[in-house]
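Please look over the structure below, then read the notes on its main pocket and on part of its strand framework.

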Amino acid sequence: MATLGALKKHKVTIVGSGNWGTTMAKLVAENTKIHTDLFEETVQMWVHEEQVTIPKESRHFDPTSELANKPQKLSELVNKLHENVKYLPNITLPPNVIANADIVDACKNSTILVFVLPHQFIARACDQLKGKIVPYTRAISCTKGVDVSEKGIRLLSESIGVRLSIYCGALSGANIASEIAQEKYSETTVAYDPPPLDSRAPTPKGSPTSSNVDLISPSNPNPSARSARLQALPSDYPPLSHENVRKLFHRPYFHVRLVSDVAGVSLGGALKNIIALAAGFVDGLGWGDNAKAAVMRVGILEMVAFGKAFFEDSVHASTFTEESCGVADVVTSCMGGRNFKCAKMAIEKGISIDEVEKTQLNGQKLQGTSTAYEVNSFLKSQGMEAKFPLFTAVYNILEGNVKPEQIPDLIESKS
């Protein structure tokens with residue numbers, strides 16, 4: 001709830017406007033309209049500008065209209081039609097969603113940024129925003145992936161935090177965007193560990209999934225994280241407690257569980273995409289549900305092992321097994337997610353996943369392939385590829401070093 005001393009309201013910007021970004025803008029805008037004591041009603045949505053022609057099958061297509069006869073700016077179409085006709089067709093957006101093609105202007109004076117970008121674009125977006133947002137901004141990353149360099153592996157939530165010198169939590173779960181946009185029931189996990197300097201109304205600790213992770217405090221053992229300095233959220237804003245963060249995302253059709261394990265939620269969202277590719281490979285071979293289940297079992301074990309090996313002090317194994325961002329997300333992703341579908345189609349048609357992306361994703365990119373490459377790069381640098389045979393097998397299939405038919409032998413336990 002808002003505190004008695006709170007005079008200001010949080011301004012919210014969605015950084016991204018693809019399928020998932022537009023869905024997130026829809027549900028967040030529904031909530032800001034309800035919780036006007038906490039949030040400004042208008043929600044800015046940053047749109048990477050492009051020219052779009054309204055498809056003939058669109059409900060907005062009118063051959064006599066100028067809008068339908070020549071390409072239009074996507075941001076202008078969103079604001080005129082209250083629909084993202086390219087990335088989320090046939091879903092009406094609330095009128096308080098405002099598309100903005102200027103990322104700096106969209107984020108101006110925002111105290112909450114919700115990042116929903118393909119992870120290869122996160123760094124560029126942050127570089128554009130650095131020094132141009134309020135210093136006490138808080139963020140949530142809905143992007144599933146990890147950043148890997150020669151220095152090691154970094155969560156995207158941490159990468160955003162370090163680049164912008166802000167605190168960033170994470171949202172991840174069994175979330176197929178098109179189903180959520182249609183208001184079909186689903187659930188998600190939001191990891192937000194209120195920084196101690198913000199905690200005028202601290203979130204109670206002690207739940208099985210709680211964690212005291214502070215990704216960007218001066219005491220953080222990660223040298224790159226120590227370079228960031230957090231500024232307190234002013235007391236005239238409502239505190240971003242678990243209760244208030246939940247009010248930003250929770251809808252009757254989109255149930256939210258709040259935890260404090262940012263690392264666990266981030267890793268679950270990233271690694272499940274590699275598992276989904278493997279499930280798509282075996283399904284494309286026509287091997288059926290038993291094969292998918294075997295791949296999923298090994299993948300979940302590797303997900304937990306990865307967290308323990310590289311984020312031992314900040315990850316709770318229970319996050320992978322009890323929360324939507326863990327097992328539930330793996331199951332959904334291996335039944336109907338984009339990574340699964342594209343991997344399956346590649347095998348069935350005998351073409352590369354790159355070719356499937358070009359024809360099926362409307363210009364968007366799969367997260368699973370980039371994550372598989374980055375995770376393999378990191379495992380190779382640590383000499384630990386053999387300890388993660390499924391993750392390694394997916395990478396080698398993408399590279400053409402092995403065939404999908406070899407998966408059973410590659411992941412079989414040698415113990």
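## A pocket between two domains

In this predicted model, the largest pocket takes lining residues from both domain 1 (10–260) and domain 2 (264–411), so it lies between them. Its volume is about 1300 Å³.

## What lines the pocket

The lining of the largest pocket counts 50 residues. Nearest the centre are Asn 19, Trp 20, Arg 338, Gln 364 and Lys 365. By class, 22 lining residues are polar, 19 are nonpolar and nine are charged.

Several helices contribute. Helix 1 (19–34), helix 5 (122–129), helix 7 (177–181) and helix 10 (262–284) are among those that each supply at least two lining residues. So are helix 13 (324–336), helix 14 (338–349) and helix 15 (353–360). Helix 14 gives the most, with five residues.

## Strand 7 and its neighbours

Which residues of strand 7 are buried on each side? Arg 138 and Ile 140 are buried on one side, and Ala 139 and Ser 141 on the other. Both faces of the strand, residues 138–141, are therefore covered. In a regular strand, side chains alternate between the two faces of the sheet.

Strand 6 (residues 112–115) runs parallel to strand 7, and four bridges join them. Phe 115 has Ser 141 of strand 7 as its bridge partner. Between these strands the chain passes through helix 5, and this β-α-β crossover is right-handed. Helix 5 also appears above, as a supplier of at least two residues to the pocket lining.

Strand 7 also pairs with strand 10 (residues 167–172), in the parallel sense and over four bridges. Here Ala 139 is partnered by Cys 168 of strand 10.

## From strand 10 to strand 12

Strand 10 pairs with strand 11 (residues 186–191) as well, now in the antiparallel sense, over three bridges. The bridge partner of Ser 172 in strand 11 is Thr 189.

Why is strand 11 largely enclosed by the rest of the structure? Five of its six residues are buried, so the strand is largely enclosed.

Strand 11 also pairs with strand 12 (residues 254–259). This pairing is parallel and spans six bridges. Within it, Val 190 has Leu 258 of strand 12 as its bridge partner.

Terms used:
Residues are numbered from 1 along each chain as its sequence is written. This is a predicted model: local features need pLDDT of at least 70, side-chain atom pairs count only at pLDDT 80 or more; totals for chains, interfaces and linings use all residues. Side-chain values use heavy atoms; hydrogens and water are left out. On a 1 Å grid over the protein atoms alone, a cavity is a set of points where a 1.4 Å probe fits but cannot get out, and a pocket is an open set with protein on both sides within 12 Å along at least five of seven lines; lining residues have an atom within 4 Å of a point. Grid points are joined across faces, edges and corners, and a volume is the space filled by probe spheres set on the points. Ala, Val, Leu, Ile, Met, Phe, Trp, Tyr, Cys and Pro count as nonpolar, Asp, Glu, Lys and Arg as charged, and the others, Gly among them, as polar. Domain bounds come from an automatic or database domain assignment. Buried means under 20% relative accessible area, exposed over 50%, partly exposed in between (1.4 Å probe, protein chains only). Two strands pair if DSSP finds at least two bridges between them. A crossover is right-handed if, with the strands pointing away from the viewer, the path from the first strand over the helix to the second runs clockwise.
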